[in-house]
Amino acid sequence: MRVLALALTLSLAAVAAASAQTATPNNENGRYSFNPVADGVLRLDTRTGQVSQCSRSDVGWACKMVPDERSALETEVARLQGEIATLKKELLARGLSVPGVPSPSATKPGEPELKLPSDAEVDKVISFIEKIWRRLIEMGGTVQKDAEKKN
């Protein structure tokens with residue numbers, strides 16, 4: 001009888017230990033990290049990064065996902081990037097320039113393209129005009145001196 005009672009006690013202990021192991025949350029080799037808070041526990045899923053707040057209720061423990069502002073921001077950034085791309089395409093289709101995007105030639109087919117002079121060409125023209133101006137000043141001085149001699 002003692003052997004039967006001992007066997008029954010050992011089997012009940014084994015069943016209790018097995019049920020206790022299944023009753024505790026399986027952390028799947030460290031997948032979840034738990035941090036105590038005032039109302040319960042925060043559970044972090046280390047694989048997905050999602051956070052849940054777990055608290056005791058009348059029925060038992062319940063976990064609710066914590067809103068993730070990061071995913072909302074990433075969604076908004078993706079939406080705005082798509083909108084910007086659409087607007088750039090519309091501007092290019094209308095022949096307008098888009099900052100940061102090389103635009104096709106603004107001239108229409110058949111129209112000559114405006115070609116501006118280089119810095120060296122501009123410097124040559126300026127030095128030529130300066131020489132002409134100095135000669136005009138010299139000529140004016142010579143005319144004034146001749147007029148003074150005649151008077």
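## A four-stranded sheet, its hairpins and two helices

In the hairpin of E2 and E3, five residues sit between the strands, and glycine 49 takes a positive phi near 85°. Strands here are DSSP runs of E with at least two residues, helices are runs of H or I with at least four, and both are numbered from the N terminus. Two strands count as paired if DSSP finds at least two bridges between them.

A quick word on the source: this is a predicted model, where local features need pLDDT of at least 70, side-chain atom pairs count only at pLDDT 80 or more, and totals for chains, interfaces and linings use all residues. Residues are numbered from 1 along each chain as its sequence is written, and side-chain values use heavy atoms, with hydrogens and water left out.

Now for the sheet. It is open, with four strands in the order E1-E2-E3-E4 and antiparallel pairing. E1 (32-37) and E4 (61-65) are at the edges with a single partner strand each, so one side of each has no neighbour in the sheet. On average, neighbouring strands are turned by 25° against each other, direction ignored; the axes behind that angle are lines fitted to C-alpha atoms.

Strand E2 (residues 40-45) is joined to E3 by four bridges, and leucine 42 stands opposite glutamine 53 in E3. On to the next pair: E3 (residues 51-56) and E4 share five bridges. Arginine 56 faces tryptophan 61 in E4, while cysteine 54 has cysteine 63 as its bridge partner there. The E3-E4 hairpin has four residues between its strands, with glycine 60 in the turn.

Cysteine 54 and cysteine 63 also form a disulfide, with sulfur atoms 2.0 Å apart (the cut-off is a pair of cysteine sulfur atoms within 2.5 Å). The link is right-handed, at 105° about the S-S bond. A search of the whole structure finds one disulfide.

Helix H2 (residues 69-93) has 25 residues and spans 36 Å from first to last C-alpha, close to the 36 Å expected at 1.5 Å a residue (1.5 Å times one less than the number of residues). Glycine 95 comes just after H2.

Here are the glycines with positive phi:

| Glycine | Place | Phi |
|---|---|---|
| Glycine 49 | hairpin of E2 and E3 | near 85° |
| Glycine 60 | turn of E3 and E4 | about 155° |
| Glycine 95 | just after H2 | about 80° |

Finally, isoleucine 137 lies in helix H3 (residues 119-150). Ile137 helps make a nonpolar surface patch of about 850 Å², along with Val125, Phe128, Ile129, Ile132, Trp133, Leu136 and Met139. Patch residues have over 30% relative accessible area and no salt bridge, and nonpolar side chains (Val, Leu, Ile, Met, Phe, Trp, Tyr) are joined within 5 Å, like charges within 9 Å. Areas come from the Shrake-Rupley method with a 1.4 Å probe; a salt bridge is a side-chain nitrogen of Lys or Arg within 4 Å of a carboxyl oxygen of Asp or Glu.

How values were computed: Axes fitted to C-alpha atoms, helices over the stretch in contact; angles between N-to-C directions.
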